Amino acid sequence: MDYAAPDGFINRQPEEYFALSSGWLGSEKGFQLPSDRGRASWATQKAGGLVSTGFEERSDRPKPMERPVPTEAASNAAWGSDAIAAVLRQLDIPYVALNPGASYRGLHDSLVNFLGNERPQMLLCLHEESAVAIAHGWAKVTERPMAAIVHSNVGLMHATMAIFNAWCDRAPLLLLGATGPVDATKRRPWIDWIHTARDQGALIRHYTKWDDQPASVGAAQEALLRANLIAQTAPRGPVYVNLDASLQEESIAEMPRPPEMERYLPAEPPLPAGSVIDAAAEILVQAKRPVIMVGRVSRDTAAWQRRIELAEALGARVVTTLLTAAGFPTDHPLHAAPPGMFLPPAGMEVVASADAILSLDWVDLAGALRSAFGGKPISAKVVQVSVDQYIHNGWSMDHQGLPPVDLHLLAEPDAAVPPLLAAVRSLRPTPPPMPSRGSRQGPPPLATLESAEAIEVPMIATALAAALGEADAAIVRLPLSWAGHLRDFRHPLDYLGCDGGGGVGAGPGNAVGAALALRGSGRLPIAIIGDGDFLMGNTALWTAAHYGIPVLIVVANNRSFFNDELHQERVARVRSRPVANRWIGQAIREPEIDIAAMARAQGCVGIGPVGDPTRLVAALAEGITAVRSGKPCVVDVLVAMGYDPAAAAGMQRTVKS
Ligand SMILES: Cc1ncc(C[n+]2csc(CCOP(=O)(O)OP(=O)(O)O)c2C)c(N)n1
Ligand SMILES: [Mg+2]
């Protein structure tokens, strides 16, 4: 059989070429959120019904713009980058977020003229950091990789912080890059030399799971297949494939045989051995005060339900964190304390009172235990469920402290919870009585907005609840000033966690990426972010405006990199120096920045600045209406400075050894 690209299709949709393959991974049914599909869909994936991005059939896809004109001339010629682009189509990569560059002009051409800028569709970004942050935000919702392409060493340098954020967030992401011709005789003078590095992957190797610089078209295809597998295998993370410019631009006699995609599917997550499950169940059932710490878990609704059943079967109290996405309903009677970026005092009390702790991949279990037990011996039995150690390396300390663990289930929480639940139920068929729900603090009452002199961050929660009513929202991000009691999460998509690596500037890009994944889901994507975060990453908004991605960004604008004012205050106190100077080198004033105008300048709706508490509900309602009509919108809310006391204490805490 002749695998040359069919006449007349080389510059359009190469359907005939793809018909030769064993199909795209995607089904034709349309993209499903992980929460709709359930993990059980693995069997259907194997049967050829892998969850599809299927955006070809969706009305909710980004604006169908940037359609290439079909090339008239039929050609039998094929190019290295056509074969590479073909694998991206087969992998069902829906989008590539990119900032262009000559190093990958061959691949760029193939995406436009061979694949017709569909599956994947390009998302032009104004900065490589937002390209990667968008891919990261998309993965937060879908738990699958989309691609980002960055230009040689310089684009990669711009992208680094966002890659680190995705790495720390254990988010799958397929990063493509390029290098000037590796063969020096093929380099253009000057520019190709400065944009060629001997080992480009070294720039990011410490915070990617794998990288490769393939030396042939066949090797490049294999690299993409492998990259996809590695990115999607827990602990998930970014992977990098660096494509030599010459390889992309090489003329090939015929297209290589398309890979049989069903032979390159990610493996099923391993199950912990039955004996370990039994031992864990024994520890938990024996405990008088078991506590479950819910960390990195999936967006799957069935897994969410099983977590609730496990807590109920044990009568275990549950703590969650704002570092990771929603993992347990915060208004459940067993949910013991509002979540925070740091374990707040109420959460510490719960953990310290436990005689058995089940950690479902809690980020920094060692730190949380040490804080909770105040440096005293950790008397509780600790059961850890995590595969995170497979990703730890010696460069970054994102592995956190080493927790004392009595029993380690080397498995993903979603894989471990069902057998653990069964084992617990067989040991204790009758669940303990449910505690009555104690009094719970919520956001300030609506009336506060009528009498307050200035907007404080908690009032954003009040106004948002009033403006949203019963509508479903996904809170993509929350600012450092947030307190966990301000909003409940009742669904895996109600909250999507933080940036992962603490890299300020990720907020706008993460919000746009998550919003892209949530299009058409009926869920309103909302990010509440600091002004510093907005100002560093705001050009991601142009991408949202250009491709018609609706998202609401509420800026909690305290006109300062305020987190660091708290640090300066602490240092001043320790050194008996004037606290009054803490704002110097921190405050973003004189001139104050018109954040709404920055949004409007990029084609978004910009509302504000809103400083009057009585106007806040109306401003957010106006923003929600704009987003419902399909637009990205920024509401600039002038907030008084200040953090939730628990958050401030966590940030300024001095570590007791
Ligand atoms: C890339 C990067 N630069 C600097 C910091 C240090 N930093 C941590 S929080 C913060 C302030 C962020 O300001 P903003 O988003 O306005 O939040 P605020 O603290 O004012 O609530 C800074 C500068 C960081 N974490 N990442
Ligand atoms: Mg600020």
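**Exercise 1. How many bridges join strand E9 to E10, and how do the two strands run?**

Before you start, keep in mind that this is a predicted model.

*Solution.* Begin with strand E9, residues 290–294, and look for its pairing with E10: three bridges join them, and the two run parallel. For a landmark, find Met-293, which stands opposite Val-319 in E10. Now widen the view. These strands belong to an open sheet of five, ordered E10-E9-E11-E12-E13, with parallel pairing. E10 (317–319) and E13 stand at the edges with a single partner strand each, so one side of each has no neighbour in the sheet. From one strand to the next, the twist averages 15°.

**Exercise 2. Work out how strand E12 is joined to E11 and E13.**

*Solution.* Take the E11 side to begin with. Five bridges join E11 (residues 356–360) to E12, and the strands run parallel. Ala-356 is the residue opposite Lys-381 in E12. Follow the chain from E11 and you pass through helix H14 (residues 365–373) before reaching E12; this β-α-β crossover is right-handed. Then turn to the E13 side. Here three bridges join E12 to E13 (residues 407–409), again with a parallel run. Val-383 has Leu-407 as its bridge partner in E13.

**Exercise 3. Decide whether the faces of E12 are covered or open.**

*Solution.* Start from a helpful rule: side chains in a regular strand alternate between the two faces of the sheet. Next, sort the residues by side. Lys-381, Val-383 and Val-385 lie on one side, Val-382 and Gln-384 on the other, and all are buried. Both faces of E12 are therefore covered, and with five of its five residues (381–385) buried, the strand is largely enclosed by the rest of the structure.

**Exercise 4. Check the length of helix H6 against what its residue count predicts.**

*Solution.* H6 covers residues 128–142, which is 15 residues. At 1.5 Å a residue, the expected span is 21 Å. The C-alpha atoms at its ends are 21 Å apart, so the two values agree. As for its surroundings, H6 is mostly covered, with 15 of its 15 residues buried. Just after the helix, Glu-143 takes a positive phi of about 60°.

**Exercise 5. Describe the shell of residues around ligand 1.**

*Solution.* Count the residues: 18 surround ligand 1, and the closest are Val-504, Gly-530, Gly-532, Phe-562 and Asn-563. Then ask which helices contribute. H19 (531–537) and H21 (562–574) each supply at least two residues of the shell. Finally, sort the shell by class: six residues are nonpolar, nine polar and three charged.

Key: Residues are numbered from 1 along each chain as its sequence is written. Chains are lettered from A and ligands numbered from 1 in the order in which they are written. This is a predicted model: local features need pLDDT of at least 70, side-chain atom pairs count only at pLDDT 80 or more; totals for chains, interfaces and linings use all residues. A residue is buried if 20 or more other C-beta atoms lie within 10 Å of its own, exposed if 12 or fewer, and partly exposed in between; C-beta atoms are placed from the backbone. Helices (H or I, at least four residues) and strands (E, at least two) are DSSP runs, numbered from the N terminus. Two strands pair if DSSP finds at least two bridges between them. A crossover is right-handed if, with the strands pointing away from the viewer, the path from the first strand over the helix to the second runs clockwise. A residue is near a molecule or strand if its C-beta atom, placed from the backbone, lies within 6 Å of it. Ala, Val, Leu, Ile, Met, Phe, Trp, Tyr, Cys and Pro count as nonpolar, Asp, Glu, Lys and Arg as charged, and the others, Gly among them, as polar. The expected span of a helix is 1.5 Å times one less than its number of residues. Axes are lines fitted to C-alpha atoms, for helices over the stretch in contact, and angles run from 0 to 180 degrees between N-to-C directions.
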